[in-house]
Amino acid sequence: MCLNVGCIPSKALLHAARVISEAEEMSHFGIAFGKPKIEITKLRDWKDGVVDKSIRGLAGLAKQRKVQVVQGVGRFTSPHMIEVRTSSGVKKVSFDYAVIAAGSSVARIPGFPYDDPRLMDSTGALRLEDVPKRLLVIGGGIIGLEMATVYDAIGSKVTVVELLDGLIRAPTET
């Protein structure tokens, strides 16, 4: 997940945001570039290209290191076996140890409609379908602040709302 809809695309967009911010900051030193023209389709295509290049690079590294990559939906059938439903059938994979790295899911807020086009999760935010004039980011964690930074740089007026008493803090366990 980090490769497709997490770290890699957000870091690419954060790089673009940093370039925009640095160009704006240089006006204080006598170098003015003017307001950037954001071509959202080109920016999205560039970000997608960064992701695609990273995917191809990792696939090549896996092949070089003789790592078996199986894509599909898996189900543990015993403490040392998983069945993976792939596009070409079911494949059984045995193992001594397993690392479960299946990504994350979005937290839903009770009472918020799921099908409102004004609402997006971080995956939707990374798609860069448009640049809203105003954007409310609910959650001051890393992902929320990264998206706030990107959308602020490309022209949105951003407000972040956080439940906890600080930003980028994990809730304490009780």
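Which residue stands opposite Val 84 in E3? Hold that thought for a moment. Just so everyone knows, what we're looking at is a predicted model.

Okay, let's start with the strands. E1 covers residues 73-78, and this strand pairs with E2 in the antiparallel sense, over five bridges. The two of them make a hairpin, with two residues between them. If you want a spot to find on screen, go to Ser 78: its bridge partner in E2 is Met 81.

Now carry on along the chain. E2 pairs with E3, residues 89-94, again antiparallel, and here there are six bridges. That's a hairpin too, with two residues between the strands. And back to my opening question: the residue opposite Val 84 is Lys 91.

Stay on E2 for a second, residues 81-86, and look at its two faces. Ile 82, Val 84 and Thr 86 sit on the covered face, while Met 81, Glu 83 and Arg 85 are on the uncovered one.

Right, over to the core. The largest nonpolar core has 18 residues. Which members touch the most others? Those are Leu 13, Leu 43, Leu 128, Met 147, Val 150, Tyr 151 and Ile 154. Several elements chip in at least two residues each: helices H2 (7-25), H3 (40-64), H4 (122-126) and H5 (142-153), plus strand E4 (134-138).

Let's zoom in on Leu 128. Setting aside neighbours within four places in sequence, Leu 128 contacts Leu 13, Ile 40, Leu 43, Arg 44, Tyr 151 and Ile 154. You'll recognise some of those names from the core list, including Leu 13 and Tyr 151.

Conventions. Residues are numbered from 1 along each chain as its sequence is written. This is a predicted model: local features need pLDDT of at least 70, side-chain atom pairs count only at pLDDT 80 or more; totals for chains, interfaces and linings use all residues. Side-chain values use heavy atoms; hydrogens and water are left out. A nonpolar core is a set of buried Ala, Val, Leu, Ile, Met, Phe, Trp, Tyr and Cys residues joined through side-chain atoms within 4.5 Å. Buried means under 20% relative accessible area, exposed over 50%, partly exposed in between (1.4 Å probe, protein chains only). Helices (H or I, at least four residues) and strands (E, at least two) are DSSP runs, numbered from the N terminus. Contact means heavy atoms within 4.5 Å. Two strands pair if DSSP finds at least two bridges between them.
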